[in-house]
Amino acid sequence: MKVGIDTFGCNHGKSGIGSYLDSLTENLHNDEEFEFELFGAEIDRYTFGANNGFKYAAVALPDSRKIKRIWHYTCVNFFAKKRKYDVVLYPAGAHYIPLFCNVPGVAVVNDVVSEVYASEIISSKALRLLVGLKNASRIIVASQFIRKDLEKLGINGDKIIVIHNGIDHSEFYPRQMLSQNIIDIKPFAIQRPYFIYPSRLSNATKKHVELIKAFSKFKEKTGLPHRLVLAGSDGDYSSFVRDAVLKSSCSSDIFITGFFPHENFPMLYSGSEGCIFPSINEGVGLPVLEAMATGIPVACSNSGALSEIAGNNAIYFDSDNIDQMAESIEKIACDNELRKKLISGGIEWTKRFSWEKTARKTIDVLNDVVNQK
């Protein structure tokens, strides 16, 4: 069986979808039954799966979202037939997918699609993408929350399979930080103690501004020396976040890193006092799992997929309730018994998530699609 894997929409490995594909392909292997081949822009020839010796078919397209979408609507099926794929995996299925899968296609959706299309739900682009999802052979989603979101958009739940993202336990594990006062992660030197919020400054649903207000209340009430590290790339909401920092009474204790390499997150997590994650529309919540796996307590929003992802091993709050969020931060900082409970429970909970398991379940879906042609 020959499997084509689409790399378009994965942002050269520097996004959540890119990180997903990188981790997935690291756990796929060619054998007598399966041959995997990736296709996409020439620049990504060595971005995904190179260590596994996968072949790569470059597609010469301008770096334009519109043109890439048109290519998927009009050409990807012909391309897949020419490459003799038995099935195609579309990791950025909420963004790039053909209208009809003449060659069986499996879309992966790690986004809350209703949020992605919120401002353009009746636009021709959004409707075409929804048509593509409706006509996909199967849809793999990262949580029950995403499944329910797709069902509300009219997609048949029988074709949707929930496969949670994994964790690389060789990277995300508890580390003994001893008494280091400064975490030196080039090019950053971050003074402890600090809390971490790993998320791109992309939109209001990430709740950076609310977190800044809650952190300021926590500081004003307790006088503790903790800092807040906002680790994520700039986005459309960056100016609002930076403005909120400037207006904060503790602006000097809030640090915005900009883009932070994923491989450096284990050390950043390990040196922190806890992960505060107020985003309300998360469909995956992978940073929450990674934080728990490194042995730090988590406080997060009670919205989205986070309660599904973290189980009973986090403190939950209403992200629009600044006082409640501030109280949760204080609990993480001051309640030692609760910290111990969250840490031990989180480490044990995350053992059930692995990229090997995610890859194996994904292969099962691909196999089922081909066998039911």
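**Two sheets and the helices around them**

Student: In what order do the 6 strands of the open sheet with strand 12 and strand 15 run, and how are they paired?
Tutor: The order is 12-11-10-13-14-15, and the pairing is parallel. Two strands count as paired if DSSP finds at least two bridges between them, and the strands themselves are DSSP runs of E of at least two residues, while helices are runs of H or I of at least four, all numbered from the N terminus.

Student: Which are the edge strands there?
Tutor: Strand 12 and strand 15 (315-317) are the edge strands, each pairing on one side only. On average, neighbouring strands of this sheet are turned by 20° against each other, with direction ignored; axes here are lines fitted to C-alpha atoms, for helices over the stretch in contact, and angles run from 0 to 180 degrees between N-to-C directions.

Student: And what kind of model is this, before I go on?
Tutor: It is a predicted model, in which local features need pLDDT of at least 70 and side-chain atom pairs count only at pLDDT 80 or more, whereas totals for chains, interfaces and linings use all residues. Residues are numbered from 1 along each chain as its sequence is written, and side-chain values use heavy atoms, with hydrogens and water left out.

Student: OK, back to strands: how many bridges join strand 13 to strand 14?
Tutor: There are 3 bridges between strand 13 (residues 274-277) and strand 14 (residues 298-301), which run parallel, and Phe277 has Cys300 in strand 14 as its bridge partner.

Student: What is the strand order in the open sheet of 7 strands?
Tutor: That order is 3-2-1-4-5-6-7, with parallel pairing. Strand 3 (55-58) and strand 7 (160-162) stand at the edges with a single partner strand each, so one side of each is left without a neighbour in the sheet. The twist averages 25° from one strand to the next.

Student: Which strands does helix 1 touch when it packs on that sheet?
Tutor: Helix 1 (residues 16-26) touches strand 1, strand 2 (35-40), strand 4 and strand 5 (105-109), and its direction makes about 155° with that of strand 1; contact means heavy atoms within 4.5 Å. Helix 6 (residues 144-152) lies across strand 5, strand 6 (138-141) and strand 7, running at about 165° to strand 7.

Student: Changing topic: which residues of helix 8 are buried?
Tutor: In helix 8 (residues 238-247), the buried residues are Ser238, Val241, Ala244 and Val245, where buried means under 20% relative accessible area, exposed over 50% and partly exposed in between, with a 1.4 Å probe and protein chains only. They cover an arc of only 130° around the axis, which puts them on the same side of helix 8; the arc is that of the directions from the helix axis to the C-beta atoms.

Student: What do those buried residues of helix 8 pack against?
Tutor: They pack against helix 7 (208-222), strand 11 (227-231) and strand 12 (254-258), while the face of helix 8 turned away from its buried side carries the exposed residues Leu246 and Lys247.

Student: How do the axes of helix 7 and helix 8 cross?
Tutor: The two axes come within 9 Å and cross at roughly 10°. Helix 7 and helix 8 are therefore roughly parallel to each other, given that angles under 35 degrees count as roughly parallel, over 145 as roughly antiparallel, 65 to 115 as roughly perpendicular and the rest as oblique. His208, Val209 and Ile212 in helix 7 meet Phe240, Val241, Ala244 and Val245 in helix 8.

Student: What about helix 10 and helix 13, what is their angle?
Tutor: Helix 10 (residues 286-293) and helix 13 (residues 336-349) pack at about 110°, with their axes 8 Å apart, and that angle makes helix 10 roughly perpendicular to helix 13. Leu289, Met292 and Ala293 of helix 10 make the contact with Gly346, Ile347 and Trp349 of helix 13.

Student: Last bit, the backbone: which peptide bond is cis, with omega near 0°?
Tutor: The peptide bond from Arg192 to Pro193 is cis, and Pro193 is found in the loop between strand 9 and strand 10 (194-198).

Student: Lys207 has a positive phi, so is it buried or exposed?
Tutor: Lys207, whose phi is about 60° although it is not a glycine, is buried, with a relative accessible area of 10%. Lys84 also has a positive phi of about 60°, but at 66% relative accessibility Lys84 counts as exposed.
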